[in-house]
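Take a look at the fold below. Follow its strands from one end to the other.

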Amino acid sequence: AVGDAAGRVALWAWDAGVADGAGRAPCAVVPCLSRRVADIGWVSATTLAACAHSHGARDSGKDGGAPHSACVIDFLLPPARAVVGGLALPDGSGHCLVPLRARPQVLVGSKRGELSLWDLRMMHRVVHTWTAHAGASVRALALARGGDVVVSGASDGSLKVWDVRAAAAGLGNADSDGAPLAERWASARHHEKHTMLQPLLGLGPGSTHGVTALATSHASSPDVLYTCGADGRVLALPTP
């Protein structure tokens with residue numbers, strides 16, 4: 001699945017044994033958000049995907065309320081009815097998200113540095129929100145340790161590790177606003193921050209980035225976290 005700048009998510013089905021997908025049309029295209037899709041993640045193995053809304057809002061939601069910052073799509077339904085739930089964050093911006101394992105919840109990172117835990121059993125409700133990176137935007141999220149912790153990366157280049165189980169219960173060691181902070185890396189900054197000009201995306205003259213992407217590898221113990229930054233470096237870090 002791929003999200004585009006018009007707020008649509010397209011799904012492709014790859015046939016077994018077919019290596020070249022050039023020119024292949026998507027099997028489904030779902031209009032789901034009012035502006036650019038910033039991130040997507042599979043909630044279940046086959047049917048549901050979540051996507052985040054980025055950089056403000058221009059339209060109201062279907063119910064006349066605030067626009068969705070994130071939504072859930074069921075690709076088994078027709079495109080006109082495929083959006084089965086949505087969430088509006090206070091600042092209208094979801095930069096990144098990660099679906100949690102073994103629980104119907106999604107963690108969404110926002111432009112103002114907050115992490116919000118969204119329970120899909122209550123489609124329009126956030127069950128817990130805390131300030132993860134004060135003064136910076138949350139740019140990337142990744143699961144580690146078998147899904148027990150989430151690593152967040154911010155526009156100032158910092159990384160933090162969060163206890164998913166404590167977040168689900170609203171418990172944990174307080175970092176700020178009752179945040180379930182598990183551990184903090186010794187280095188406060190792993191990537192230098194840079195301001196990138198992005199006029200073609202319609203996001204204003206520029207946007208500040210530090211950490212741009214996170215991914216974990218479970219081939220070794222402990223997990224290895226790969227981080228990509230605006231400074232042009234890719235780092236491999238053992239998760240603490």
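This report covers the overall make-up and then two sheets.

The model is predicted: local features need pLDDT of at least 70, side-chain atom pairs count only at pLDDT 80 or more, and totals for chains, interfaces and linings use all residues. Residues are numbered from 1 along each chain as its sequence is written, and side-chain values use heavy atoms, without hydrogens and water.

**Overall**

The protein has one helix and 20 strands. Both are DSSP runs numbered from the N terminus: helices are H or I with at least four residues, strands are E with at least two. The protein has 240 residues, and 47% of them count as buried (under 20% relative accessible area, 1.4 Å probe, protein chains only). Its accessible surface is about 11,300 Å², computed by the Shrake-Rupley method with a 1.4 Å probe. Carbon and sulfur atoms hold 54% of that surface.

**Two open sheets**

Strands of a sheet pair through backbone hydrogen bonds, either parallel or antiparallel. Here, two strands pair if DSSP finds at least two bridges between them.

One open sheet has three strands in the order E1-E2-E3, with antiparallel pairing. Strands E1 (2-3) and E3 (28-31) are at the edges with a single partner strand each, so one side of each lacks a neighbour in the sheet.

Another open sheet of three strands runs E18-E19-E20, also antiparallel. Its edge strands are E18 (211-217) and E20 (234-238), and each pairs on one side only.

| Strand pair | Bridges | Facing residues |
|---|---|---|
| E2 (residues 8-11) and E3 | four bridges | Arg 8 and Pro 31 |
| E19 (residues 224-229) and E20 | five bridges | Leu 225 and Leu 237 |

Notes
Buried means under 20% relative accessible area, exposed over 50%, partly exposed in between (1.4 Å probe, protein chains only).
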